[in-house]
Amino acid sequence: MPPPRPLRADARRNREALLSAARQAFLGDDTDAHVEDIARNAGVAVGTLYRHFETREALIEEVYRKEVDDLCATPRALLDQHRPEEALRRFLLLLVDHAAVGKGMSSVLESIMATDSPVFDDARTRMAGALSLLLEAGSAAGTIRDDVTGSTLLRALGGICGMRATEGWFDEARQITALLFDGLRDGASQSH
């Protein structure tokens, strides 16, 4: 199968405008946003939306995938700017922020959970990989213990962020994440 042709500039702009409008709708309070409203806010016709995304669920998937892309691109930049343990600490807090954003999108994501979409498995794999990169850098620097995997750390964060339905969960999740981070530093060799 030949690779898809690149989008023309106007089609690319329309697609980006649709994703931006959908992100604003789904990540805000409007979890029942209709495709007509999204298209109108993007400044395009509904037909244009459906040329880019066959279903509302496909649009939701793409918004979520873009969020994960942006999130998983940050570890390398953090490592360029900070010591490995600080990069890890900041990324852990970004994951909590991502869960807070995901809270606004959770009801619309439920509609694609019932499908065969690989979007969640892919997101978990990529987030675990991003955490592994940071853990390995911290371990190599001797500031982070070397017996925790990215998958295990992601599971721990999933437990922390699973409290989203409770009042005040965000502040508590950040506090628990700080404790988790302290535990990741405990037992590090510090001999490098």
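This report describes the helical make-up, the salt bridges and one helix packing contact of a predicted model.

**Overall architecture**

The protein contains nine helices and zero strands. Read from the N terminus, its elements therefore follow the order α-α-α-α-α-α-α-α-α. Of its 192 residues, 39% count as buried. Among contacts in the protein with a separation of 6 or more, 71% are accounted for by residues 24 or more positions apart.

**Salt bridges**

Side chains of opposite charge can pair when their charged atoms come close. A search of the whole structure finds 16 salt bridges. The table sets out three pairs, including two that share R126.

| Salt bridge | Distance between the closest N and O atoms |
|---|---|
| D37 with R40 | 2.5 Å |
| R126 with D69 | 2.6 Å |
| R126 with D122 | 4.0 Å |

The pair D37 and R40 belongs to helix α2, which spans residues 35–42. These two residues are three positions apart, so about one helical turn separates them. Their surroundings can be described by accessibility. D37 has a relative accessibility of 24% and counts as partly exposed, whereas R40, with a relative accessible area of 57%, is exposed.

R126 takes part in a salt bridge with D69, in which the closest N and O atoms are 2.6 Å apart. R126 is located in helix α7 (residues 119–141) and D69 in helix α4 (residues 56–72), so this pair ties together parts of the protein that are 57 residues apart in sequence. R126 is partly exposed, its relative accessible area being 28%. D69 is likewise partly exposed, at 30%.

R126 also forms a salt bridge with D122, for which the separation of the closest N and O atoms is 4.0 Å. Both R126 and D122 lie in helix α7, where they are four residues apart, about one turn of the helix. D122 has a relative accessible area of 34% and is partly exposed. R126 thus has one salt-bridge partner, D69, in helix α4 and another, D122, within helix α7.

A further group of residues, R15, E61, E62 and R65, is linked in a network of salt bridges. One of these, E62, lies in helix α4. What is the accessibility class of E62, buried or exposed? With a relative accessibility of 19%, E62 counts as buried, because the class covers values under 20%. Leaving aside residues up to four places away in sequence, E62 touches R15, L19 and F53. R15 is thus a contact of E62 as well as a member of the network.

**Packing of helices α5 and α7**

Helix α5 comprises residues 74–81, and its axis comes within 9 Å of that of α7, with a crossing at roughly 25 degrees. The two helices are therefore roughly parallel to each other, since angles under 35 degrees fall into that class. The crossing of α5 and α7 is right-handed. On the α5 side, the contact is made by P75, R76 and L79, and on the α7 side by A130, L133, L134 and A137. By class, this contact has six nonpolar residues, one charged residue and no polar ones. The charged residue is R76 of α5, because Arg counts as charged.

Definitions and conventions
Residues are numbered from 1 along each chain as its sequence is written. This is a predicted model: local features need pLDDT of at least 70, side-chain atom pairs count only at pLDDT 80 or more; totals for chains, interfaces and linings use all residues. Side-chain values use heavy atoms; hydrogens and water are left out. A salt bridge is a side-chain nitrogen of Lys or Arg within 4 Å of a carboxyl oxygen of Asp or Glu. Buried means under 20% relative accessible area, exposed over 50%, partly exposed in between (1.4 Å probe, protein chains only). Axes are lines fitted to C-alpha atoms, for helices over the stretch in contact, and angles run from 0 to 180 degrees between N-to-C directions. Angles under 35 degrees count as roughly parallel, over 145 as roughly antiparallel, 65 to 115 as roughly perpendicular and the rest as oblique. A crossing is left-handed if the near helix is turned anticlockwise from the far one by less than a right angle, and right-handed if clockwise. Contact means heavy atoms within 4.5 Å.
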